[in-house]
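Colleague: Can you talk me through this one? I'd like to go over the helix packing and then the empty space.

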Amino acid sequence: MAASPSTARAINDRLALRLLQQEGPLTAGQLKTLTGLSRPTVADLVERLQGSGLVRVVGETGDRRRGPNARLYGIVADRAHLAALDVRTHSVSVVVADLLGETLAEAVLPIGSDTATEAAVERAVALLERTAGKAGTVPLHSVGIGAPGLVDPVTGELRDTSGLPAWHRRLVAVLQERLPATVLVENETNLAALAEQRLGAARGQDTFVLLWLGHGVGAAVVLDGKLRRGASGGAGEIGFLPVPGTSRLPSAVACDGGFHTLAGSAGVAELAERYGISAVPAPQEPPSAALVRAAVRAVGGASADRTRSAAAFLDDLADRLALGAAAVSAVLDPGRIVLAGEAGHAGGEALAVRVEDRLAAMSPLRTEVRAGALGGAAVLRGALLTARDAAQDALFAP
């Protein structure tokens, strides 16, 4: 059944806006070529989009011919501002961007474990307000928040999880109460998977699993192009996975004894100490990331002893990671596993190749292992992508 004229116009407008978002400024002629629409139809949609304040002339081509055909049209990036927050156990990071995702302002604030809940919340809210103020006077349209813990798949709320600071959950509630903007919260590992799929090591992959290796461990599951959260939002809580090599089993309230014991930052630090690997982490960086980075640099270095120790440490770490990866592969057959987070990024190809080799020996299912490309920034990038998608869905709607 043919679409009505109004529906056809809405479809054409949305298509043109997506092309302008993905390809950058375009002429009417380029839009005609990319959309397959007639010249009069393109002229009409450009006029409509300019009238709505979503598109404007941003320049001209270098063509000698002047006039309407030489004009370059682009999305009005400052039509709306977006914000993303990465809420960690001891800090919060904020970035404010325009409608096209261009960063306008950013900031990081440490929040000590001794800070009271309301004080921590007010400091985080004030940080967002200051950062948004630096970006300009355009109000925030959408805010994406990445946080550890479980997000209820029905309500979209951050669940009260033991072991995490109380100010995390309170911050989300306060922002939803105070801001006129749309506030979206998602598990940090899921956001990292979104960022790696759009911008990093999982680009173009419809099915993959991301293993987050930071202070703790987690996983995000993407199957057939969809992020899978599970019945309670707990899909990917791989830190609780029982594995050999630990002295006890995990419990309902603590992942000590699970995969977390082997692959979390504290466990990796203990392993590095056995091999004489030492390093000083950057502020807010998990010690494991600095240790893995130091080991990768030492492999192939001038000192034969250090090279052997570093290689042995990476081999042992790969053995540990392959235990979790093999369990994931056996159940989900993802085809690709991305070692993300600060430690996964620090390990790079040297660690990923080792894990892939061990996984190939443990499982008949062919699974590629790749190092995450975005490191610790993946959560913030994913939160910003979520905020941008929400804003564009609203503003680009008919």
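Modeller: This is a predicted model. To begin with one helix pair, α4 and α5 are oblique to each other, since their axes, 9 Å apart, make an angle of about 50°.

Colleague: Which residues do those helices cover, and which hand does the crossing of α4 and α5 have?

Modeller: Helix α4 covers residues 117-135 and helix α5 residues 166-178. Their crossing is right-handed.

Colleague: Which residues of α4 and α5 meet?

Modeller: From α4, Thr117, Glu118, Ala120, Val121, Glu122, Ala124, Val125 and Leu128. They meet Ala166, Trp167, Arg170, Leu171, Val174, Leu175 and Arg178 of α5. By class, that contact has 10 nonpolar residues, one polar and four charged.

Colleague: Now the N-terminal pair. What is the angle between α1 and α2?

Modeller: About 110°, for α1 at residues 5-23 and α2 at residues 28-35, with the axes 11 Å apart. That angle falls within 65 to 115 degrees, so α1 is roughly perpendicular to α2.

Colleague: And which residues make the contact?

Modeller: Leu15, Ala16, Leu19, Leu20 and Glu23 on the α1 side, with Leu31, Leu34 and Thr35 on the α2 side. Six residues of this contact are nonpolar, one is polar and one is charged.

Colleague: Next, α9 and α10. How do their axes cross?

Modeller: At roughly 130°, coming within 8 Å, with α9 at residues 287-298 and α10 at residues 304-332. An angle over 145 would count as roughly antiparallel, so this pair is oblique. The crossing in which α9 passes α10 is left-handed.

Colleague: What makes the contact there?

Modeller: Leu291, Val292, Ala295, Val296 and Ala298 come from α9, while α10 gives Arg306, Thr307, Ala310, Phe313, Leu314 and Leu317. The classes are nine nonpolar, one polar and one charged.

Colleague: On to empty space. How many cavities of 30 Å³ or more are there?

Modeller: The count is one. The largest cavity has a volume of about 50 Å³.

Colleague: What lines the largest cavity?

Modeller: Leu213, Ala263, Val268, Ser288, Val292, Leu317, Leu321 and Ala343. The elements giving two or more residues to that lining are α9 and α10. Val292 and Leu317 also belong to the contact between α9 and α10.

Colleague: How does the lining of the largest cavity divide by class?

Modeller: Seven residues are nonpolar, one is polar and none is charged.

Colleague: And what volume does the largest pocket have?

Modeller: About 1,000 Å³. It is lined by 34 residues, and those closest to the centre of the pocket are Pro148, Gly149, Leu164, Gly216 and Val217.

Colleague: Which elements give two or more residues to the pocket lining?

Modeller: Helix α6, residues 188-199, and strand β9, residues 217-223.

Colleague: Last one: what classes of residue line the largest pocket?

Modeller: There are 12 nonpolar, 18 polar and four charged residues in the pocket lining. Glycine counts as polar here, so Gly149 and Gly216 are on the polar side of that division.

Definitions and conventions
Residues are numbered from 1 along each chain as its sequence is written. This is a predicted model: local features need pLDDT of at least 70, side-chain atom pairs count only at pLDDT 80 or more; totals for chains, interfaces and linings use all residues. Side-chain values use heavy atoms; hydrogens and water are left out. On a 1 Å grid over the protein atoms alone, a cavity is a set of points where a 1.4 Å probe fits but cannot get out, and a pocket is an open set with protein on both sides within 12 Å along at least five of seven lines; lining residues have an atom within 4 Å of a point. Grid points are joined across faces, edges and corners, and a volume is the space filled by probe spheres set on the points. Helices (H or I, at least four residues) and strands (E, at least two) are DSSP runs, numbered from the N terminus. Axes are lines fitted to C-alpha atoms, for helices over the stretch in contact, and angles run from 0 to 180 degrees between N-to-C directions. Angles under 35 degrees count as roughly parallel, over 145 as roughly antiparallel, 65 to 115 as roughly perpendicular and the rest as oblique. A crossing is left-handed if the near helix is turned anticlockwise from the far one by less than a right angle, and right-handed if clockwise. Contact means heavy atoms within 4.5 Å.
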